[in-house]
Amino acid sequence: MKLTRRNFIAAVIGGVAGIQVTPLPWKLTDDAAIWTQNWPWVPVPPTGEFTDVSSVCNLCPGGCGISVRKVDDRAIKIEGRTDYPVNPGGICPVGMGGLQLLYDESLRFTGPMKRAGLRGAGEFTEISWGEAFDILAGRISTLRKKGTPEAIAAVDGNPEGTTVSVLIKRLMKAMGSPNYVRPPSLTDTYRMGNLLMQGTLAPMAYDLENSDYVLSFGCGLLEGWGAPGRVMNAWGMWHDGNPAKRKTRIVQVESRASNTASKADMWVTPRPGTDGALALGLAHVIIKSGQYDSRFVVDHSFGFDDWRSLEGTNHTGFKRLVLEKYSPEQVAKITGVNQKTIVSLAKAFANAKAPVAVYGKGKDSLNGSLYEFMAVQSLNALVGSINRSGGVLLPDPIPLSDFPLLEVDAIAGEGLKRPRLDQAGTMRYPFADSLINNFTDAINNSPKSPVDTLLVFSANPFFTLPDGGGFENALEKIPFVVSFSPYRDETANMADLILPDCTYLEKIDDIVWPIGVQYPLYGLSKPVVEPLYNTKNSGDTVIELSRAIGESVGSGFPWETFEEALQARAKGLFDAGGGLVSYDPDAPAWQRQTAGNGPKPEYKSFDEMWEGMQSGGMWYRPVSSPKSWKGLFNTPSGKFEFSSKLIAQAIEDYSNKISKKAALKNMGLAAIDDEACMAHYEAPEAGVDRSAYPLRMLPYEMINLASGWIPSPPFLYKTIFENQLLKDKSFAAINPKTAAKYHLKEGELVAVKSPVGEVKVRINLFEGAMPGIVYLPLGFGHSAYDEFMKGKGVNPNNIVQAGQDALSGYPVWWNTPVKLVKV
Ligand code: SF4
C-alpha cells in the first residue's frame, strides 16, 4: 500500500484521463519515479491498521467528497467518494495531491511566528500563541484607542458565506473597520449579475446534468471551472454510452484551443473580450426568427419590448437594442466569428429542448465582465431556460441561521462611518461589495498607507491579483501585515506576524454551496488527522482574538470554539425541516424531487443531524420541481429584467449629484440611457498606444496546476508538458502566423513586455492560439515555497495592466497590450 511516486502520477493521470479530461503525457510516468527519488517527504507508512476517513476537500470552492486512507495516524492516499453528490467518485489532480500540502514541512508554517529578517525574505522566529495574540490584540487596541479602527483592514479569500468568512467580517465590524475586501472571483460576477436581472444574491445554479445543449462562454469545463468534480462528472455523463446517440452537445466559445475547446462538439473563436457581443448576435437571430420563448418573455420578463414609464417617458427594450445593433453582420465585425456560424449556432441553441448558456472565464478565481454575463443570461431567458430543467434554476437559499445581531461600541460605530478605501457600494460602484484593486490603488496612491494593520486570511494577493505587482507595492507600504496562512506563500513572506491556520485535512470547516451546483448543498469537512504542528483553525483564532482585544469586541463572539459557531448556523438547517445528510448514488441529487421542503429528514434531533453531517460531510436538498413563478424574481418589476431598473435607478441617483455625463463616465459606461441598463457590448478601455504594443496577452488556467492562493502539490509539476514549462522557463503559446510576423521560432527566449512590466519566457508555436494573442499559463512564477515551485516560470499577473470592467469595477485582466522582444 505504499504510495510511490510512480503510482501517484499514474493515479493522477488515470483519474483525469478516466473521466476524459486531460490527455496528460504518459511518458512522464517513466521519468517521474527517477525525478522524485530524492524528495524527503515521500511517505513510507509503517505497517499498521488501515482506516478510511470521509471528508470534504476545500482546496477550491468545488467541495468534492474525499476519502482519505490512513495507516494508523498517517494519511497515505486521497480518493474521490462515490457517496457524495458533488463529484461521484471523481477528484481533480490538485485534490489528489493534497497530502503533499499536509506533509511537506517546507511549504508550511509550523506555529505562530514573527518576522526575523527583511520583508519578503521569509525569515521568521517561532513564538507562542499567547505572544502572537498579545502582539496583534495590542496593536488593534492601540488603533481603536486612537480612534482609527478603520486603519485595520482584512483581505479574506475564504469563499463567500462560509462560517469563517462570516466571523472575519463580524470581527472587522466589531473592531470598527469598513475595510474588509476579498480577492475577485467569478462568484462576484454571478452575484452582481443575478442581483440586477433576477433580484437575488443566491448562488448561480446551472442544471448541467439535465441539459441537452451546453453553450459555454469561456468556461474551462475541463480546466477547473465551477465545482470541478461536479462538472467533470457531468462531462462524463454527457459522453456516456454510444457516441452516435449522445444527448448533450457542447459548444465552447473561447479564443484558445483549450482542453474543453478541443473536446467540445463545436469550438467558436471570438476575439478575446467580445463574448458578450457574440451572445447578443445569437439573441438577434433568435429574436428575428421568432424562436424565442414568448411565454417566458411575456409572462415573466421586463424590458424585452419597448416600454413607457409611469411618467410617460418612452424607453428602448432589449429587442430593439439587439435588432438594431447586433445583426450577424455587425457582430461578425466585432467578434471575428463569421455570420454563418452565428446564425447556425443561434438556431441550434434555440432548437434544443433544454439548452443552457454558461458563463465564466477560466476557474472561479478569475472574475468576469458584468455586461458579458448579462448578455449570456439574456440568452437563457430568451429560450425560456430559466427555472426550467436543464437550464438555470433559482433554488431557495441554504437555510443557515444568522448569528445574533452584533452590537458595536462607540469607537467601532465611528470607524464604520468612515468611507471604504475600495469605494465599493458608493455611487461610482453601486453594486460591488468589494473591489480589491481599488483598495490597492488607495494604498499605493497615498503618501502614507491609510492601512496600518492588514490581516490576510486564506489569500495570496501578492501572487494572484491581476494588477501588475500593485499589491506587492502596497504590502511594502503597510506598516504591519499579519498572515493567517498555513503556507509560506508570497504574501505571508511579507508579513510581520504569522498566526497559521491548519490545513484542510486537520480541521473542521464548511463549504457553503459549491459554485454552480443547482441545489442547496452545505459541506462539512472534518479533521482527518490531528494537527501536525502548532497551528490553529482560523475560526478559533478569530474567536480568541476577539476576546484578546477586549470585552466590547469579544462579547460579539459568544462561542467557545469554531465548531460551536458552525453548529449555531447549522441550527437553521434543522429548523428548515427537510434535508439529507447522506447520499445514495442511485438517487442522484440532480434528478427532480417533489417541491416543498424537500425530502423527509433522516434525523429526529439537531444532535442526530449534526452527527450525520460530520460523518457524511453534507446537508443538501436535491433539486426540486420547477418553482412557482410567484415571487421568484425579487427585482423591482418582480420579473426577470432584460432591462435592469436597479441600474437605471443608480444612474439617476448619481446624475442627481453630478452631471449625467460625469456620472456615466465615472461608472465606466460608454453607453447611455436605456442601453446602459441592458446587456450590451463595450470595447474594453484601451488607454495605451496599440502601435507600441500590437499584441494582447491572455492568461489561462490548467486543471493540473493550482493558480489560486493554495500552492500546487509539487508532484503536479511533473504532469506539465515540456512546452509549458521546461526547467525554469514557462512558455508563451502563440500562433505560428504571429511567430512568423515577428521572426520567432519554437523554444526561442523572448521578453513579453506590457506597459507595466515584462516577463521572460520561451515561445511555443501553437496552432490552437489565435493570431495576435500571447497566452501565458497561470500558476507558475512563484517567488515563495519550495525548490520545486520557486522560480519555475513566470506569473502573468505581474504584467497585467488591469483596467476596470464597466459598472462593476472588477479588474479587466483579459485586455493587456503586449509586445514580444527577442532576448
Ligand atoms: S476540484 Fe477542488 S474541491 Fe475537488 S478535489 Fe479538486 S481542489 Fe478539491
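**Figure 1. Glycine 218 and its surroundings in the predicted model.** Leave out the neighbours within four places in sequence, and glycine 218 is in contact with Gln252, Val253, Asp275, Gly360, Lys361 and Gly362. The glycine itself sits in strand β8, which runs over residues 213–219. With a relative accessible area of 14%, glycine 218 falls under the 20% cut-off and so counts as buried. One of its contacts, Val253, is 35 residues away along the chain, yet the two C-alpha atoms are separated by just 5.5 Å.

**Figure 2. The largest cavity, with glycine 218 among the residues nearest its centre.** Here we stay with Gly218, which shares that central spot with Glu254, Gly362, Leu698 and Trp813. In total, 24 residues make up the lining, and the volume comes to about 340 Å³. Two strands, β14 (355–362) and β22 (695–700), each put at least two residues into the lining. Sorted by class, the lining has ten nonpolar, seven polar and seven charged residues. The model has three cavities of 30 Å³ or more.

**Figure 3. Helix α25 and its buried face.** Helix α25 covers residues 645–655, and its buried residues are Ile647, Ala650, Ile651, Tyr654 and Ser655. Looking down the helix axis, these buried residues fall within an arc of 130°, so they line one face of α25. What do they pack against? The partners are three helices: α7 (186–198), α15 (370–382) and α26 (660–666). Have a look at the start of α25 too, where a side-chain oxygen of serine 644 comes to within 3.3 Å of the backbone nitrogen of leucine 646.

**Figure 4. The second largest pocket, with α25 in its lining.** This pocket holds about 530 Å³ of space. Its lining counts 19 residues, and those nearest the centre are Trp307, His315, Ala648, Gln649 and Glu652. Which elements give two or more residues to the lining? They are β12 (307–308) and α25. The largest share, six residues, comes from α25. By class, the lining splits into five nonpolar, seven polar and seven charged residues.

**Figure 5. Proline 461 in helix α18.** This helix spans residues 461–464. Proline 461 has a relative accessible area of 0%, so it is buried. Beyond its neighbours within four places in sequence, it is in contact with Val155, Val456, Phe471 and Thr491. The C-alpha atoms of proline 461 and leucine 475 are 9.7 Å apart, with their positions 14 residues apart along the chain.

**Figure 6. Threonine 274, in the loop between β10 and α10.** The loop links strand β10 (266–268) to helix α10 (275–288). Buried or exposed? Threonine 274 is buried, at a relative accessible area of 4%. Not counting residues up to four places away in sequence, threonine 274 touches Ile334, Thr335, Glu372 and Tyr681.

**Figure 7. Serine 128, in the loop between β5 and α5.** Strand β5 takes in residues 124–126, and helix α5 takes in 129–145. Serine 128 has 40% relative accessibility, so it counts as partly exposed. A polar atom of its side chain lies 3.0 Å from the backbone nitrogen of glutamate 131. For a sense of scale, serine 128 and lysine 114 are 14 residues apart in sequence and 9.9 Å apart in space, C-alpha to C-alpha.

**Figure 8. Aspartate 673 and lysine 727, two loop residues with positive phi.** Most residues other than glycine have a negative phi. What is the phi of aspartate 673? It is near 50°. This aspartate lies in the loop between α26 and β22 and is partly exposed, with a relative accessible area of 41%. Lysine 727 is not a glycine either, and its phi is about 55°. The lysine belongs to the loop between β23 (725–726) and β24 (729–734). At 71% relative accessibility, lysine 727 counts as exposed.

Key. Residues numbered from 1 in each chain as written. Predicted model: local features only at pLDDT ≥ 70, side-chain atom pairs only at ≥ 80, totals over all residues. Heavy atoms only, no water. Buried < 20%, exposed > 50% of the residue type's maximum accessible area, 1.4 Å probe, protein only. Helix = DSSP H or I, 4+ residues; strand = E, 2+ residues; numbered from the N terminus. Arc of directions from axis to C-beta. Contact = heavy atoms within 4.5 Å. Polar contact = N/O pair within 3.5 Å; in protein donor to acceptor, adjacent residues only side chain to side chain. 1 Å grid on protein atoms, 1.4 Å probe; cavity = no way out; pocket = protein on both sides within 12 Å on 5 of 7 lines; lining within 4 Å. Points joined across faces, edges and corners; volume = space filled by probe spheres on them. Nonpolar A, V, L, I, M, F, W, Y, C, P; charged D, E, K, R; others polar.
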